[in-house]
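Reader: I should be grateful for a close look at a single part of this protein and its surroundings.

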Amino acid sequence: MSNEFADERADLAAVLRWAAREGMQEAAGNHCSLSVSENGNQFLINPDGKYFSNLKASDLLLINLDEHTSTQQANLSAWLLHGQILQRVESAKCVLHLHPKYATVLATLLDSTIYPVDQVSMRFYNRVATDSEYSGMIVDQTEADRLCDVLRDKNILMMGNHGVTVVAPSVALAFDELYHLERACETLVTAYTTGKELKIVSSDVANRTAQDWQDFIYSAELHFAELRKKLNREEADYCR
Ligand SMILES: [Zn+2]
């Protein structure tokens with residue numbers, strides 16, 4: 001394997017392995033990417049048709065959009081969407097696109113708002129963009145452009161009738177956001193199944209708690225370090 005971007009490869013492979021443990025991959029699909037250039041035109045992405053749980057750092061494709069390197073081997077929808085976000089969204093270094101169970105269930109509802117009903121869901125108050133115009137798989141630049149326009153200054157995109165995309169300046173933060181997003185959706189979906197009325201907190205409380213989460217954002221690095229420790233102990237081949 002090329003040692004080029006070895007650290008970035010290991011980081012992204014760790015996220016893929018852990019997403020598999022969380023049951024977040026759908027079959028052998030879904031894609032996660034990490035930019036390795038300032039302008040986002042070069043990035044690592046998982047190859048199509050492989051279980052996250054089998055992937056190693058050396059399996060990740062290095063795409064160069066300017067030279068069309070590896071685009072033939074990568075999933076078309078994936079490199080169009082990831083490439084567009086990594087190039088257009090200033091803070092985007094890592095993009096995770098998945099169909100986790102509860103976030104996807106929420107995305108099937110007419111109203112997929114993550115209401116502030118517990119401390120975790122409050123983390124996402126006013127931080128989520130929602131796309132409600134699903135029209136099929138991404139097969140051209142136009143759809144990738146459109147989704148990027150919907151995302152705008154947010155870093156989480158609830159993709160109606162589809163799944164979620166999380167964008168962050170680091171792998172650790174992207175995964176931490178994804179993890180908590182799925183937990184928030186699980187709580188909300190479970191609350192809906194009781195048939196009882198939701199107890200939604202005031203916007204003041206939700207805003208304050210969302211800000212508290214931002215002040216606590218260093219915990220994303222601690223979370224990532226812990227999962228790396230466990231992976232290093234139990235499935236260290238992800239780094240190869
Ligand atoms: Zn998808």
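Author: The following account turns to one helix and the loop after it.

The model is predicted, so local features are described only at pLDDT of at least 70 and side-chain atom pairs count only at pLDDT 80 or more, while totals for chains, interfaces and linings use all residues. Residues are numbered from 1 along each chain as its sequence is written.

The protein chain has eight helices and seven strands; helices (H or I, at least four residues) and strands (E, at least two) are DSSP runs, numbered from the N terminus. Of the 240 residues in the protein chain, 42% are buried. A residue is called buried if 20 or more other C-beta atoms, placed from the backbone, lie within 10 Å of its own C-beta atom.

Helix α2 covers residues 76-88. Its 13 residues should span 18 Å at 1.5 Å a residue, and the end C-alpha atoms are 18 Å apart, which agrees; the expected span is 1.5 Å times one less than the number of residues. Buried in α2 are Ala78, Trp79, Leu80, Leu81, His82, Gly83, Gln84, Ile85 and Leu86. These buried residues pack against several elements, including the strands β1 (31-35) and β4 (94-98) and the helix α5 (141-151).

Valine 89 lies in the loop between α2 and β4. Valine 89 counts as buried because 20 other C-beta atoms are within 10 Å. Beyond its neighbours within four places in sequence, valine 89 is in contact with Leu151 and Val167, contact being C-beta atoms, placed from the backbone, within 7 Å. Glycine 40 is 49 residues from valine 89 in sequence, yet their C-alpha atoms are 9.0 Å apart in space.

Definitions and conventions. Buried ≥ 20, exposed ≤ 12 C-beta atoms within 10 Å, placed from the backbone. Contact = placed C-beta atoms within 7 Å.
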